[in-house]
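Visitor: I would like a close look at one part of this structure, please. Could you walk me through it once it is on the screen?

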Amino acid sequence: MVSRSAASGSPQTKPQRAVARIDQNAPVNFTFDGRSYRGFAGDTLASALLANNVHLVGRSFKYHRPRGIMAAGSEEPNALIRLGKGAYAEPNLRATQIEIFEGLYAESQNRTPSLKFDIGAINSVLDRFFPAGFYYKTFMWPASMWMRYEHVIRHAAGLGKVADDHNDPDRYEKTHAHCDILVAGGGATGLMAALQAAKSGARVILADEQNEFGGWLLGEADIMIGDCPAFNWISDIVAELAAMPNVTLLPRTTVFGYLDHNYLTLNERVTDHLPSRPAHLPRQRLWKIRAKQVIIAQGAHERPLVFAGNDLPGVMLAGAVRTYINRYGVCPGQRAIVVCNNDDAYRTALDLHHAGAHVVVADLRAKATGPLMRAVRDAGIEILQGHAIIAAYGNHRVARVEIAPVNDAVTEISGDIDHRDCDLIAMSGGLSPAVHLHSQARGKLQWDDAKLCFRPSATHEPSFNIGACNGSFDLSAGLKEAVRAGTKAASATGHKTTALDTPIVQSHKQSWRPLAAWKIPNGHAAGRGQKAFVDFQNDVTASDVSLAAREGYQSVEHLKRYTTTGMGTDQGKTSNINALAILADALGNEIPAVGTTTFRMPYTPSNIGAIAGRDIGDLFDPVRLTRMDDWHRAHGATFEHVGQWMRAWYYPQNGETMQQAVNREVKAARTTAGLLDASTLGKIDIRGRDAAEFLNRLYTNAWRKLGIGKCRYGLMLKDDGMVMDDGVTTRIGENHFHMTTTTGGAAGVLDWMEEWLQTEWPDLEVYLTSVTEQWAVATLSGPNAGKILQDAGIDFDLSPTEFPFMSMKEGHIGGLAARIFRISFTGELSYEINVAARHGLALWTRLMAAGKAHGITPYGTEAMHVLRAEKGFIIVGQETDGSVTPHDLGMDWIVSKTKPDFIGKRALARHTMEYDDRKQLVGLLCSDPSTVIPEGAHAVLDPDQPLPMKMLGQVTSSYFSPNCGRSIAMAMLKGGHALKGQTVFFPMLDGSVLKAEIVDTAFFDPKGARING
Amino acid sequence: MLIITCPFCGPRDEVEFACGGEAHIARPLADHKISDADFADYLFMRDNPKGLFLERWRHSAGCRRWFNVARDTVSNEIVEIYPMGSLPVKTAAKTTYKTSWRRDTAAEKAATPSRSKAGGSK
């Protein structure tokens, strides 16, 4: 016998019979809304607040009505709390699940400025103006005003407030695990099933969302299992499981997702309950478990009764009241009305009575009998049969009720109204099995007309439902199911076990057939009188549901979206069945015909941090660095992301701006020499008997006759004829090619080639290897490039006759073995020098040293872009967007007319390709040579035309070209090729209009005279 | 998340794979004279059935090999996994192949003049 009253000093607590789960020798201090309170180890925030006589803990979502604690578990719709401070603050946590610890800091939500005085509560007075679908009805017109309404609505809507600092300082982990049998739910049946399965030697994981195993039995004082109180049976079985090496016990772990092929996701709250979080432990851990068999033992949720004023603080679920009394030693009221449609709530009446409260039972049923009723009557408790609470009143807590006799169907008040004072209502509308996981896994449901609930029928995945979540509310029956499921699941995973004896359960004999009474009359016309809530979190009333039905929202899925019933953090755990029963009633339909909404993960809200785990910040995505990266950093390079690569963007010197640096680099590459780190270019090694034939089918141009040591530029199309990648490919040997791709396209091109080889042309003998990271590449470009190579120690003749443009030679530079490609992306004399990756930095520093006397200048990707644009070279993905053909780019010359087939050939012959309004690549010269037209700017032929203007197309590349001494641009314009010489206009956001002439794309050295230096 | 049994590596999580869409789409060559509309059947039209579907998958984060999968798009049951270039052998999957509208398209007839040859299609 433990008494809580002595320790807490609260008038709310009286000596209890058995306070099993709190440690009264371990006081815990915490803060709620700025006030300090004391609870005990083992308390939840909800139980500790109730012990301190705090009932008002939040304001409701829409009407800002005062709300208290309704439940004792994860189904709690009202008591949502913002926990912690600063960056650690987390909104919308259920007070019923927060274990208190020393120094815990909690705030209520949804109130301004304070919980007791909240200006938003005016919404409650104006409730006539806030019916179901209010926002849809009110703010839809005029459409142009929506943007303004939305700002206000978004501010007023939403639950809770996230941490002010958006960088979550906590650490989260992810774990992958496999097991034979996962048991979801560690109440009596889950424990029994886990033990049964584990006895077979199967690998078992048992997870439960609470801090300790035992489920609702932790809150029951009147149940014996075997010859001992249920508590003892639980601790014995937990101890037995804990000692088994094939069992993993996961308390504080919610199975929140059940996906295909028995893949389940669990959120383990590792350190949330500790006052300080040990550095070696994550805050939470996401488990991703693949189970051969799943046993679902999720239990059931008690339903509220829908009567006027049922949302007041002090109105609680009957089962929750028992839990607070028996598990936490706090009696939530002294004058209690138990209102119910079933036997089970009578046990609450007894527990309240034993806890010292004055109790009255209002039973909706006119003729209920049985041993429980006798026990209650024998205890001297008043029972009003065929009576209902038709309205509850109170300010910040329930203070009095109106009780009246009702007819058998509970549709009408059938007698005089009686007024009673009270400070607690324990309501029970029957039990709803928690079919969430079963349903997430697409198991089927059936309506049980006796127990008035949906329960699982056929499972979709290899799984079992046992106990209350299977509609088997009787503990004996549930334990039998547990033994059966444990045995079967073990055997399905190849493990043999003999069935354990089901322990004898001693409890009150009771019926599990509630009376169907979904909406309790209040004696007023529909929509009048006090509000009766169906969905507490979303402030959806019974009349909202009926109104929605009258307005034509007859599908339960429509009802949900229109009224928001079943949304929010609780996803309607307590409200869904009541809502659809009321909908069914309004439609004159049967409940099973109305059906349920779709159950989706997560079962309870899950922290995004746990889902992200360590994949944040630097670990969010791999960063790829070239072998010359250290040099770039040491020389002050600025970087840009290109795919996963970090590429040197430009090298500012002596406080240069970006434009100054780029101008200098671009100039140098055409007057002396520039050096570019081109290591990131995609490189694919292609070998095999049919390599040339393969390239011939892959590229638009001809490849069979390419000589060994020769390079060729190629365009790759998708089979719809659109450009997907480009690059230079070189024949290294008869059956050996070296392909380059764009930096960003490398992986995709390799996959693309593999796909064709494996799926369309398996007869071709070709082997592909990605060698992007095996080669480091330095591109030396400019008139002095040859001299620099000489000085760097090249060991072969560089003269254009010996080493012509578009050829490759293998040799050495200063002793480093190299493949040197004489290809050019700048239009200058240019060498792409490939060396083994490990020699990349050595190559680079040798070239820089040798080039010092020749004005060598490292240049970055920005200068590379300007240089190629000066020559009118395209960049796939910048000029092209997946809707551009070679013809659109003015590159007909690269498309073979003689090859019988290549990827994209047939599509290029489609009639749509001949439309003259296809966007085509053109060059642009702005009328003001110093103005760079913004990339993305839209071109029009007539800037004075009325809105909306006819768009011609958009600017794709635009730079200041120091070598041309003016701005240049490229654009994709409708019928652009035919518009050469014409002027187009670019209306800017600021109202100004830029003007440009359409020209050829080759802005610099159009004849290509500089290619040999 | 599915478990897919790669014919080369064994059962693995779906995250290791990439789905390549409908299987058994024979590719007409450019010199097959078919109309734009018939060619569009090959190029653009893809099935999206409720029920058994023959589709291509690639073990993209593993061996990178392609293979065919007969999967029920409603239940996600994998009925058969069979090599690229071959046809399914399970009755239900065979029926799905045979009864596909694609078997009668001009694109497929042009691409596979000899229907006795199994697969050879991507």
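Which strands and helix of chain A do the buried residues of H12(A) pack against?

Guide: Happy to take you there, with the reminder that this is a predicted model. Chain A has 25 helices and 50 strands, and H12 is the helix that runs through residues 475-492. Its 18 residues cover 25 Å between the first and last C-alpha, close to the 26 Å expected at 1.5 Å a residue.

Now to your question. The partners of the buried residues in H12(A) are helix H6 (188-198) and four strands of chain A: E8 (172-184), E15 (284-296), E28 (463-465) and E29 (505-506). On the H12(A) side, the buried residues begin with Leu475(A), Gly478(A) and Leu479(A). Further along come Glu481(A), Ala482(A), Val483(A), Ala485(A) and Gly486(A), and then Thr487(A), Ala489(A) and Ala490(A), which are buried too. After the helix comes Gly494(A), with a positive phi near 85 degrees.

Stepping back to the whole chain, 53% of the 1013 residues in chain A are buried. Of the chain A contacts with a separation of 6 or more, 66% are between residues 24 or more positions apart. The C-alpha trace of chain A spans about 115 × 70 × 55 Å along its principal axes.

Definitions and conventions
Residues are numbered from 1 along each chain as its sequence is written. Chains are lettered from A and ligands numbered from 1 in the order in which they are written. This is a predicted model: local features need pLDDT of at least 70, side-chain atom pairs count only at pLDDT 80 or more; totals for chains, interfaces and linings use all residues. Helices (H or I, at least four residues) and strands (E, at least two) are DSSP runs, numbered from the N terminus. The expected span of a helix is 1.5 Å times one less than its number of residues. A residue is buried if 20 or more other C-beta atoms lie within 10 Å of its own, exposed if 12 or fewer, and partly exposed in between; C-beta atoms are placed from the backbone. Two residues are in contact if their C-beta atoms, placed from the backbone, lie within 7 Å.
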